[in-house]
Amino acid sequence: NSIIECSYAIRGTKFSFDANAVYKPSAIYNTKENRWLVWYNGRLYDREYIGLAYNDNYNFFDNNIKERK
């Protein structure tokens with residue numbers, strides 16, 4: 001499994017827990033399910049939450065990615 005950090009993988013959703021801010025995304029590729037899992041912080045007003053998103057198709061690997069070791 002690869003762990004990567006990227007700053008543009010997730011966008012907030014209007015009227016949702018992450019409507020005001022999305023930050024600190026970390027992604028891992030799940031080889032068994034063949035999908036990306038992305039954990040991130042979301043904020044709505046003064047409350048912060050942890051979100052989990054997944055993607056089966058997106059290729060995160062380009063010049064804007066830092067791989068963590």
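**Strands, core and ring pairs in a predicted chain**

Colleague: Does N55 count as buried, partly exposed or exposed, and at what relative accessibility?
Modeller: In this predicted model, buried means under 20% relative accessible area and exposed means over 50%, with partly exposed in between. The value for N55 falls between those two limits, so the residue counts as partly exposed, at a relative accessibility of 29%.

Colleague: In which strand is N55 found?
Modeller: The bridge partner of W36 in β4 is N55. That strand covers residues 47-55, and N55 is found in β4.

Colleague: Leaving aside its neighbours within four places in sequence, with which residues is N55 in contact?
Modeller: N55 and W36 are 19 residues apart along the chain, yet their C-alpha atoms are separated by 5.1 Å. W36 is also the residue whose bridge partner in β4 is N55. With neighbours within four places in sequence left aside, the contacts of N55 are R35 and W36.

Colleague: How many bridges join β3 to β4?
Modeller: The pairing of W36 with N55 is one of the bridges to β4. The strands β3 and β4 form a hairpin with two residues between them. They run antiparallel, and the number of bridges joining them is nine.

Colleague: Which residue in the turn of the β3 and β4 hairpin has a positive phi?
Modeller: Most residues other than glycine have a negative phi. The residue in question is not a glycine, yet its phi is positive at about 55°. It is found in the loop between β3 and β4, and at 63% relative accessibility it counts as exposed. The residue in the turn is Y45.

Colleague: How many bridges pair β2 and β3?
Modeller: One bridge here has Y23 with its partner in β3, N41. The two strands also form a hairpin with four residues between them, and N34 in that turn has a positive phi of about 55°. β2 and β3 pair in the antiparallel sense, and the number of bridges is eight.

Colleague: Near what value is the phi of K24?
Modeller: K24 is found in strand β2. With a relative accessible area of 61%, K24 is over the 50% limit and is therefore exposed. K24 is a residue other than glycine, and its phi has a positive value near 55°.

Colleague: Which residues form the largest nonpolar core?
Modeller: This core has five residues. Its largest share, three residues, comes from strand β3, residues 35-44. The members are I10, A27, W36, V38 and Y40.

Colleague: Leaving aside its neighbours within four places in sequence, with which residues is A53 in contact?
Modeller: A53 lies in strand β4, and at 23% relative accessibility it counts as partly exposed. A53 and Y40 are 13 residues apart in sequence and 8.2 Å apart in space, C-alpha to C-alpha. With neighbours within four places in sequence left aside, the contacts of A53 are I10, W36, L37, V38 and Y40.

Colleague: Why is the pair of F17 and Y40 stacked?
Modeller: Ring pairs number three in total. Rings pair if their centres lie within 6.5 Å, and planes under 30 degrees apart count as stacked. The centres of the F17 and Y40 rings are 6.1 Å apart, and because their planes are at 25°, the pair is stacked.

Colleague: Which parts of the chain does the pair of F17 and Y40 link?
Modeller: At 28% relative accessibility, F17 counts as partly exposed, whereas Y40, at 6%, counts as buried. The two residues are 23 residues apart, so the pair links distant parts of the chain. These parts are the loop between β1 (3-5) and β2 (21-30), which holds F17, and, for Y40, strand β3.

Colleague: Which residues do ring pairs link into a cluster?
Modeller: The stacked pair of F17 and Y40 belongs to this cluster. Ring pairs link into it the residues F17, Y40 and Y49.

Colleague: Which pattern does the protein chain follow, read along the sequence?
Modeller: The protein chain has zero helices and five strands. Read along the sequence, its pattern is β-β-β-β-β.

Colleague: What percentage of the residues of the protein chain count as buried?
Modeller: The accessible surface of the protein chain comes to about 5,400 Å², and 46% of that surface belongs to carbon and sulfur atoms. Of the 69 residues of the protein chain, the share that count as buried is 25%.

Notes
Residues numbered from 1 in each chain as written. Predicted model: local features only at pLDDT ≥ 70, side-chain atom pairs only at ≥ 80, totals over all residues. Heavy atoms only, no water. Core = buried A, V, L, I, M, F, W, Y, C linked by side-chain atoms within 4.5 Å. Buried < 20%, exposed > 50% of the residue type's maximum accessible area, 1.4 Å probe, protein only. Phe/Tyr/Trp six-rings, centres within 6.5 Å; stacked < 30°, edge-to-face > 60°. Contact = heavy atoms within 4.5 Å. Pairing = 2+ DSSP bridges. Areas by Shrake-Rupley, 256 points an atom, 1.4 Å probe, with all protein chains shown as cover.
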